[in-house]
Amino acid sequence: MCAKKLKFNTKTIHGGQRPDKAYGAVMPPIYQTSTYAQDTPGGHKGYEYSRSANPTRTALENSLASIENGNYGLAFASGLAAIDAVIKLLRPGDEVICTNDLYGGSYRLFKRIFEQYVIRFHFVDMEDLTNIEAHITHKTKLIWIETPTNPMMNIIDIKSVVQLAKKHDILTAVDNTFATPYLQTPLDLGADIVMHSATKYLGGHSDVVVGGLVVNDKDLADRLYFIQNASGAVCGPMDSFLTLRGIKTLHVRMQRHCENGKVVAEYLAHHPKIEKVYWPGFENHPNHKIAKNQMKDFGGMISFVPSGSSYEDAVKIVEKLQVFTLAESLGGVESLAGHPASMTHASIPKAEREKSGVVDALIRLSVGIEDVEDLIADLEQAIG
Ligand code: P1T
């Protein structure tokens with residue numbers, strides 16, 4: 001059966017994978033090898049050196065393409081390595097328009113690395129399309145969308161941004177890390193590139209650092225493959241295997257992340273000691289309607305500000321949590337709490353991050369798939 005016709009839950013398990021030809025192994029074997037024997041120079045079986053290609057990585061790349069409804073997948077050593085490859089499509093003098101609220105490491109890569117090579121980044125509030133339009137010139141070559149944004153949970157209307165970009169012949173890339181293809185598939189909305197930190201929900205068990213790209217266009221895939229091979233930040237076979245294993249349960253994990261996320265978000269919203277809760281599932285979220293339209297559910301990522309709104313108020317809470325672990329990252333089966341100002345977004349200057357709402361008192365939760373009663377009890381004892 002054509003893999004493209006399979007439904008999502010089936011694709012997470014079977015997408016791009018067949019039982020191994022040698023012995024019928026149901027899971028793709030871990031080809032822990034750097035090189036491959038050749039009968040004669042150039043006479044190999046499709047693999048010659050594992051930076052260029054590795055069968056376990058190929059299985060992951062096919063799986064990524066399958067779950068994102070794309071034609072071509074590429075797996076990298078980290079999410080940032082995947083972003084790095086996309087920006088390397090550009091040349092000095094080119095400009096990028098990106099969401100003003102985005103992962104701190106993406107901001108750092110754009111500002112501290114690529115601006116040295118004379119690529120310019122405009123960070124704009126994409127909830128209002130006129131902000132994007134105002135920055136479009138003949139130099140604009142890429143629009144970089146993160147939605148929901150990290151950590152403010154803003155929702156960007158992918159379809160509208162893509163329409164605008166296409167009018168001006170500009171590529172669009174969507175960082176789909178927070179939503180995953182369980183919730184939204186940006187290529188179906190017209191985006192050119194989907195990017196993942198597979199470290200998060202796709203891997204799902206906080207045991208790998210992996211990145212991914214998926215595209216439909218053959219020429220774009222070839223250019224990205226060239227960069228992947230030439231720059232070399234590839235995903236190793238063991239990490240490819242673990243990510244593939246994670247993807248097989250993506251749909252059941254995401255369902256529970258969404259259910260638990262809703263309960264936790266509503267608990268926080270009704271708590272007298274919480275000032276503000278950011279979660280796209282609330283009807284009064286500024287872009288709830290767009291979220292409802294482009295996402296299947298609202299996910300398990302929530303940010304909030306405790307009353308008092310001071311750095312100390314936030315630190316007191318995260319230090320008291322016992323079931324939630326205070327740690328960077330997100331998307332694993334276990335619940336994590338983070339303090340963006342000092343952790344994930346510390347690389348963004350304070351004045352810059354506060355403009356998009358990342359204040360010192362902001363706490364970010366990655367709601368896991370534990371019993372939600374235990375998560376609520378933990379928050380209750382920590383918030384007091
Ligand atoms: O960590 P890495 O796999 O390199 O992925 C970077 C990245 C890219 N995009 C988004 C939306 C991300 O959240 C991340 C990584 N984020 C964290 C580590 C974090 O705690 O937010």
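A polar contact here is a pair of N or O atoms within 3.5 Å. The model shown in these views is predicted.

**View 1. Polar contacts to the ligand.** A polar side-chain atom of threonine 199 lies 2.6 Å from a ligand oxygen atom. For aspartate 175, a polar side-chain atom is placed 2.6 Å from a nitrogen atom of the ligand. Glycine 79 contributes through its backbone, with an N or O atom 2.9 Å from an oxygen atom of the ligand. Of the 470 Å² of accessible area that the ligand has on its own, the protein covers 94%.

**View 2. The shell around the ligand.** The ligand is surrounded by 20 residues, of which Asp175, Thr199, Lys200, Ser329 and Arg364 come nearest. By class, this shell comprises 7 nonpolar, 8 polar and 5 charged residues. At least two shell residues come from each of α3 (79-87) and β6 (193-197).

**View 3. Location of the ligand site.** The ligand occupies the second largest pocket. Because domain 1 (3-247) and domain 2 (250-383) both give residues to the shell, the ligand lies between them.

**View 4. Cis peptide bonds in the loop between β4 and α6.** Threonine 147 and proline 148 are joined by a cis peptide bond with omega about -10°. Proline 148 belongs to the loop between β4 (140-146) and α6 (158-167). The peptide bond from asparagine 150 to proline 151 is also cis, with omega near 10°, and proline 151 is likewise found in the loop between β4 and α6.

**View 5. Backbone conformation at valine 118.** Valine 118, a residue other than glycine, has a positive phi, near 60°. Valine 118 is located in the loop between α4 (104-113) and β3 (120-124).

Conventions: Residues numbered from 1 in each chain as written. Predicted model: local features only at pLDDT ≥ 70, side-chain atom pairs only at ≥ 80, totals over all residues. Heavy atoms only, no water. Near = heavy atom within 4 Å. Polar contact = N/O pair within 3.5 Å; in protein donor to acceptor, adjacent residues only side chain to side chain. Areas by Shrake-Rupley, 256 points an atom, 1.4 Å probe, with all protein chains shown as cover. 1 Å grid on protein atoms, 1.4 Å probe; cavity = no way out; pocket = protein on both sides within 12 Å on 5 of 7 lines; lining within 4 Å. Sits in = over half its atoms within 2 Å of the grid points. Helix = DSSP H or I, 4+ residues; strand = E, 2+ residues; numbered from the N terminus. Nonpolar A, V, L, I, M, F, W, Y, C, P; charged D, E, K, R; others polar. Domains from an automatic or database assignment.
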